[in-house]
Amino acid sequence: MKSKKFWVPVLLVVFALGAAACGSAKKEAATTAIKAAEDSWNAVKAEVVKYIPDQAKGVDDGIKAAKENFDKGNFDAALETAKVIPDRVKALVAAAAAKKAEMAKAWEEMSGGLPKMLDAIKSRLDILSQSRKLPAGLDKEKLEGAKGGYETAAKMWEEAKAAFAGGNATDALAKGKTVKEKAVEVMTALGMQVPAAAAPAPKG
Amino acid sequence: MAGEEKKQGADAWDATQWHVVEKGETLSKISRKYYGDPNLYMKIFEANKDVLKNPDLIKIGQKLRIP
């Protein structure tokens with residue numbers, strides 16, 4: 001009969017092999033989860049960052065944290081952090097798509113309306129430039145200011161259209177908003193009626 | 001301007017400028033009101049040729065575009 005002395009090292013070896021196998025499995029699972037997280041994110045990151053940049057940072061932080069845990073040998077923590085990322089990415093893709101649709105709608109509205117305002121202003125300025133006298137409430141200085149405002153707005157509108165055509169909806173909408181504000185300012189200075197859609201919201 | 005009324009309609013972006021003709025008004029008077037110069041009345045007439053046949057004949061309550 002073999003002594004206990006024989007079994008102790010055998011059991012230790014078996015235990016060590018089991019622990020190593022278990023650690024290796026965790027490492028592999030964490031590696032797979034991190035790769036899946038990175039792959040899912042890299043496939044859509046550019047589009048998400050374009051529309052919801054503030055929310056996109058959370059995913060980068062999550063992947064970074066998973067990698068840091070992995071490098072420290074904390075495979076369980078790395079796995080836990082990484083495995084939720086693909087679902088988070090899916091949610092962000094949906095949110096980005098919604099934001100994209102919202103911006104496209106805003107642009108469509110703007111591009112249908114702002115040219116009408118600019119045309120109306122140009123028409124009035126052209127006629128006022130031919131006038132021998134100016135109407136009540138408008139002097140030469142105010143008229144020159146309105147002309148300058150119109151030129152600025154018209155130029156910026158061209159830039160907004162170029163930005164949208166170039167895929168930068170955020171910049172296009174920001175420029176369009178400035179154009180609208182400038183057009184409202186000029187129309188008001190000229191005593192013109194501002195379209196309801198562009199009228200500033202009442203205060204209070 | 002006071003006479004330039006709000007355009008009520010489906011298109012909230014419509015920037016057309018309107019004037020509703022009041023008693024005693026002529027195109028010259030309206031031109032002076034908006035442009036400061038009564039001699040520019042033909043600008044208004046040209047913009048309203050669909051409703052005006054004669055620049056001397058406008059009716060009270062008529063809605064005119066002011067370009």
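Trainee: Let's start with charges. What is the salt bridge count between chain B and chain A?

Mentor: The count is 1 salt bridge between chain B and chain A. Keep in mind as we go that this is a predicted model.

Trainee: Which residues form that salt bridge, and how far apart are the closest N and O atoms?

Mentor: B:Asp11 pairs with A:Lys116, and their closest N and O atoms lie 2.2 Å apart. For a salt bridge, the cut-off is 4 Å, so this pair qualifies. Polar contacts are counted too: 10 residue pairs link chain B and chain A in this way, with both residues at pLDDT 80 or more.

Trainee: Which elements of chain B give two or more residues to the side that touches chain A?

Mentor: Those are β1 (4-5) and α1 (27-35) of chain B. Of these, α1(B) gives the most, with 4 residues. Sorted by class, that side of chain B has 9 nonpolar, 3 polar and 9 charged residues.

Trainee: How do I read the size of an interface?

Mentor: A common way is to give the accessible area lost when the parts come together. Here, chain B and chain A bury about 2,000 Å² between them, and carbon and sulfur atoms give 57% of that. On the chain B side, B:Trp13, B:Gln17 and B:Tyr35 lose the most area to chain A, together 35% of what that side buries. By residues, the contact takes 21 from chain B and 27 from chain A.

Trainee: And what is the secondary structure of chain B?

Mentor: Chain B has 2 helices and 3 strands, following the pattern β-β-α-α-β along the sequence. Of its 67 residues, 39% are buried.

Note on methods. Residues numbered from 1 in each chain as written. Chains lettered and ligands numbered in written order. Predicted model: local features only at pLDDT ≥ 70, side-chain atom pairs only at ≥ 80, totals over all residues. Heavy atoms only, no water. Contact = heavy atoms within 4.5 Å. Buried area = accessible area lost by both parts, 1.4 Å probe. Salt bridge = Lys/Arg side-chain N within 4 Å of Asp/Glu carboxyl O. Polar contact = N/O pair within 3.5 Å; in protein donor to acceptor, adjacent residues only side chain to side chain. Nonpolar A, V, L, I, M, F, W, Y, C, P; charged D, E, K, R; others polar. Buried < 20%, exposed > 50% of the residue type's maximum accessible area, 1.4 Å probe, protein only.
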